[in-house]
Every structure is written in C-alpha cells, then in structure tokens.
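Welcome! Take a moment to look over the sequence and the 3D view, and then follow this short tour of a few places worth finding.

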Amino acid sequence: MCGIVGYTGCKKAAPILMKGLQKLEYRGYDSAGIAVGRDHKIDVIKKEGKLDKLKEKLKSSMLEGKTGIGHTRWATHGRPSDRNSHPHFDEKQQFIVVHNGIIENYQELKEELKNKGYQFSSETDTEVIPHLLSEYYNGDLRDAILKVVEKLVGSYALAVMYSREPERIFAVRQDSPLVVGRGAEGENYIASDIPAFLEFTDDFYILDDGEIAEVSAGEINIFNSSGQQINKDIFEVDWDAEMAEKNGYSHYMLKEIHEQPDALRKIMKNRVSPGKIDLTEIAFPERIDDIQIVACGTASYAGRVGKYVLEELTRIPVQVNIASEFRYSDPILGENTLVIVVSQSGETADTLAGLRLAQKKGARVLALTNVVGSSIDREADQVLYLRAGPEIAVASTKAYSAMVTSFYMLGLFLGKQEGIISESKGKEMLQNLLCLPELASRVIEENEKTVKHLADRFQNCEHAFFIGRNTDYSLALEGALKLKEISYIHAEAYAAGELKHGTLALVEEGVPVVAIATRKGILDKMMSNIKEVKARGAEVIAVTYSDVKNVAEEADYIINIPEIEGIFSGVLTIIPLQLMAYYTALKRGCNVDQPRNLAKSVTVE
Ligand code: M6R
C-alpha cells in the first residue's frame, strides 16, 4: 500500500533512496518517484510503472543532493500515471510530500483550497497536503505540519521537505506505518518498513500515531502531537540484510517456500520440546468462554485451520471473522471472549480496526504477528510472534505456515490447561509438532518435480477447483487463493460436500480439481466427492498420504505428503499447493513476486 523512504546524510541521496524503494516495492509498484533537495531547490523525478522505469529515467538526470524522499505507489485515488505519481508539490514548488494512506476528506479540503485559488495538477487525495502546507506555513515547518494534520481525516504516513531547508525531512504518521532509522554518524533514514534500510542500520525509532520526527543528517528529534519533544527507545532489529535478499532464488516466493522448515523450527524454539509446551510468554485470561479470530486473506485462512484445531483440542467454541466485516459489525464479545488477530505485517488496516473494536468492547486481544514493532504488535494485549523472518513476496507462504503452527501450539497449550488433552495424548501430539520441520523439508524435496509437471499440464486452464473437508477445506481456500493471486487463473475452493448444491454445474471435461484428502475419519466422504467430479470429466489432483490407496486409484495425479496425525497435516499439505501456484504462474509468464493489482501490506481500507 505504497512505500515511502527518506535519506539525509553525506552521500548522494538518489541511489540510497532507490535502494530503499527497491526493498519496499512489494508495497506497491504502479509508479514511483523521488525528490532530492539542493541549494534551496528540490528536484523531482517520477515515472509511471515499475521502479526499473524510474531507474532508467534517473540515468539522464543529475540529482546531486544529499537529502531526499521517495515513494513507490499502489494507486487508490487517480489511476497510475506520471502525473499522479508521488512526490507531490504545492504550486510554488516549495513543499513536497510523499504519502502512504488515504485522506478521506480530501474532496472537501480540495474544494476549500480551490476556492482560495489553489490549482491542482493531479487526481490524488495526497495533493491537498502540500497546498495546505503552503497555506499554513508561517516560518516554522513543524508547526505548519501539525496544523495540517489536524485537518486531515484518514490514514497517513507522510514525509515532507521544504525547498528553503533542503537538508531536513519531517515525518509524521496516523494509522500507517513509519519508522526512522538511526544510521552511522551523519546519516539518517525514514521508511514505511524496516527492510528498506536494513543494509545501513539495525536501529530504528518506531513512530506512534500523531508523532512527528524532524530528521537531519546530524540528529533525529521526535515530538508528540502537541509539539513537545519526547524521548523514544531505539528498537534494535535482529533481522539481517541478507534475510531480506533473494539469496540465489529466482523469486522471493520460492525462497520463502523453501524457508518454511526453518521458519517452523524458529517458531517452536524454546516453546515446544518433547513432552512440554511452554507459552508462558502469554498471559491468557483465567477463563475463556469463546474465541473470535479476526484476520484478512491468507491470515484468515490460517484462522480457519485454527478454528478446527482449537475446537478439537480445547473444546472452546471458535468463530472466524473477516476483519473488513468484523470492524463494521456489532460483535457480541463477552469479558471472557479471547479475540485472536492474525497478521503477518501487523499493519493490515482492517485487522487493526478489528483489534481496536474488540478492545473497545472490553475483550482481550492476542495477536499472532510476524513484525515486531508493528501497530498490531504494539496495540494488542498479548503477542505471539511468528518469527518467520521478513516475508517479501506478495503471496504469503512461510507466514501462513507459521500462523497455522501457532494455532497448533495454542491448541495444545490451552487443551492441556483446560484438561481436555491427556498427558500421554499431549506428548504424542507434541512429537507430531516437532516432526513438522523435517517433514516439511521432505515435502519440498519429494514434490517439486510433480508440481512442475502439473504446472505444465494445467498452465492454460481457465478455471480450477479446490475441495476438501474440515481442515482440508480451509487448506483448499488457501490453495485456491495462492493460484489465483499469482497466476490469475480463476480458482474456487469448496467444502467438498457442498459442490453438489450448485457449483458442480461448472465442472466439465478437463477442469482440474485439487482434492485434499488428509483427514482420515472422513476419507470415504472425500472419495464420493472425487467420484462425483470425475464422473463430470474433471481431472483430479489428489493431495493425500501414500497409504490411501483408493484415492490414489481414483485420482489422475497424486501429490503424496508424509503420514501425520490428522490435525497436523495442514502445514505439509499447503507446501505443494504453494509450489504448484508458483510454477504455474512462472509458466504463464506472470510476475510472481508482484502480482497485478495487489500489494503486500494493505494499510488502507
Ligand atoms: O499482513 P497480513 O497477514 O495482515 O495480510 C493479510 C492479507 O492481505 C494477505 O494475507 C494477503 O491475502 C496475501 N496476499 C495472501 O497471499
């Protein structure tokens, strides 16, 4: 949802800004631009399209300044074009702004400004900001920014520069992420997300809503919304720059799929050991009557697996809510309701709003998130970190597996605490959990060839169906999402027993149906559903265990996963489906890491 960067120091700003933008390109990639200050003047270069186009344009320009800001855009107001790209100037070209978020009252502000004679040169909501700065500036830029943000309704992370003070950047946020990096002596940074400048620093200030940072090469000063200077703790990041690189893989997505065994090891480290699960890092409420899971996209599909897992292991009723619906509903949350918000980025606007609504209604919120220091991390009552390391590809893979694994851990911990899981059963289940990293490696090794073949076979199909029952249905939803978001093939997931109530009409000769059959108690039922689609000409790709002979006999293609206790099959099942989506997208010539119309971190509604 747009990435913003800023640099001020002793080096030429443009190449450093471009490096930062490259790391943030996953946040938006329909246009980009940078502004660099020098000699009471700000030079701006912007270009529609991916960052490479801006890079090309930069070759013929002389941007010498040592302070600058940059932006990579995911369009909300105004289609992608040079004109709508950020940064945006006021009319006199004195104030320049990059923005991530949405100014909800921009129409009203634009009208007011137009009536005062201001002329607009873009269709964006952002452009009201530089004009407002020009209106309110009275010798002190910080003061002007504070006045302007008071007028704004919506979400924003802003970086602002002024041509008469071209060596300073101001940064301010409300409901959109923003960090300030403290670099080596005489160099400082700002960014929407930490990976932008991990190459240069591990030390970041994470701005809170309403705070404003004044950043120059020599110092960083942070103020609250009343303009008083405040002291903030430095947040030291333990991710290194390499973790945010492709490390020889052709795409981040492929790298992140391969990182899953390691991600599983990390999430369980010091939490799961033979015979013991320790989640004492979380202060659970004494009594939990019900659990509400709130999340978006892949995180919500992980939540759907979580529902089955938690209900089976704890016997506590669980409901899964799509955050964008939950936030505008009137949920019934008791004082003994535990709300679990799930978010890789920790910045998804709808999930954050769901968290705030739950807290307002008196519920306790536990967050499962990957990004330490994110808004969700800071606002939740309790946090279980996913520890998956930076996830850069827009299609989530390793974070999903970590989310599902956290539900296994929560289920086992609470199930034991509630007295639902016996000592011996608990030990057996922990053993299953501990085997997952090893088994995940095996799944990758053993299936890459098969899924490449399947990608070859089905690359030209227009529709695909994914079916399953129980947790396998939740996995079908995630498998279908992976295929559609990166390969643009229309993929539908159905609870296998539901197909015959309408959707079966769409199954015809040659349509691929991915049938997930790992829940042993209901395999016969899956067999009937496989037969139903086969009878209509579908080509069935079954994901199952090698000893499930009847499914293997009926299916056209088989993806085998290692045998594991039913509830724990989720992580192993999803890996071949991620790989299948990846190789299909590759065959179709799609941009795997940056699919069209999408962005990694959805910080707007
Ligand atoms: O950062 P979050 O986990 O909150 O993101 C939620 C969704 O936007 C995200 O999972 C999205 O569905 C992915 N593109 C799926 O691969």
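## A covered lysine

Lys-482 counts as buried, because its relative accessibility is 0%, below the 20% cut-off for that label. Keep in mind as you explore that the model is predicted. To find Lys-482 in the view, look in helix H14, which covers residues 471-487. What does the side chain of Lys-482 make a polar contact with? The partner is the side chain of Thr-298, at 3.0 Å.

Helix H14 also holds Ala-476. With a relative accessible area of 0%, Ala-476 is buried. You can use Ala-476 as a starting point for a longer look across the model: its C-alpha atom is separated by 38 Å from that of Ser-85, and the two positions lie 391 residues apart along the chain.

## Three domains

For a wider view, the domain assignment of the protein gives domain 1 as residues 2-243, domain 2 as 248-421 and domain 3 as 446-593. How far apart do the C-alpha centres of domain 1 and domain 3 lie? The answer is 44 Å.

## Strand E21 and its neighbours

Next, turn to strand E21, residues 364-369, which is mostly covered: of its six residues, five are buried. Strand E20 (residues 337-343) runs parallel to E21, and six bridges join the two. Along this pairing, Ser-343 stands opposite Thr-369 in E21. To get from E20 to E21, the chain passes through helix H10 (residues 349-360), and this β-α-β crossover is right-handed.

E21 is also joined to strand E22 (residues 382-385) by four bridges, and these two strands run parallel. Here Leu-366 stands opposite Gln-382 in E22.

The loop between H10 and E21 is a good place to pause, and Gly-362 is found there. Is Gly-362 buried or partly exposed? Gly-362 counts as partly exposed, because its relative accessibility is 48%, and that label applies between 20% and 50%. Although Gly-362 and Glu-335 are 27 residues apart in sequence, their C-alpha atoms are 6.2 Å apart in space.

## Aromatic rings

Now for the rings. The count of aromatic pairs comes to eleven. One of them joins Phe-458 and Tyr-557, with ring centres 5.7 Å apart and planes at 80 degrees, so this pair is edge-to-face; the cut-off for that label is over 60 degrees. The pair links distant parts of the chain, since Phe-458 belongs to helix H13 (residues 423-458) and Tyr-557 to strand E27 (residues 557-561), 99 residues apart.

Both partners fall under the 20% cut-off for buried residues: Phe-458 has a relative accessible area of 7%, while Tyr-557 has 18%. Elsewhere, ring pairs bring Tyr-7, Tyr-189, Phe-197 and Phe-200 together into a cluster.

## Charges over rings

Finally, look for two arginines placed over rings. Which ring does the charged end of Arg-142 sit over? That ring belongs to Phe-223, and the charged end is 3.6 Å from its centre. Arg-596, in turn, lies over the face of Tyr-488, at 3.8 Å from the ring centre.

Terms used: Residues numbered from 1 in each chain as written. Predicted model: local features only at pLDDT ≥ 70, side-chain atom pairs only at ≥ 80, totals over all residues. Heavy atoms only, no water. Domains from an automatic or database assignment. Phe/Tyr/Trp six-rings, centres within 6.5 Å; stacked < 30°, edge-to-face > 60°. Buried < 20%, exposed > 50% of the residue type's maximum accessible area, 1.4 Å probe, protein only. Lys NZ or Arg CZ within 6 Å of the ring centre and 35° of its normal. Pairing = 2+ DSSP bridges. Right-handed = clockwise from strand over helix to strand, strands pointing away. Polar contact = N/O pair within 3.5 Å; in protein donor to acceptor, adjacent residues only side chain to side chain.
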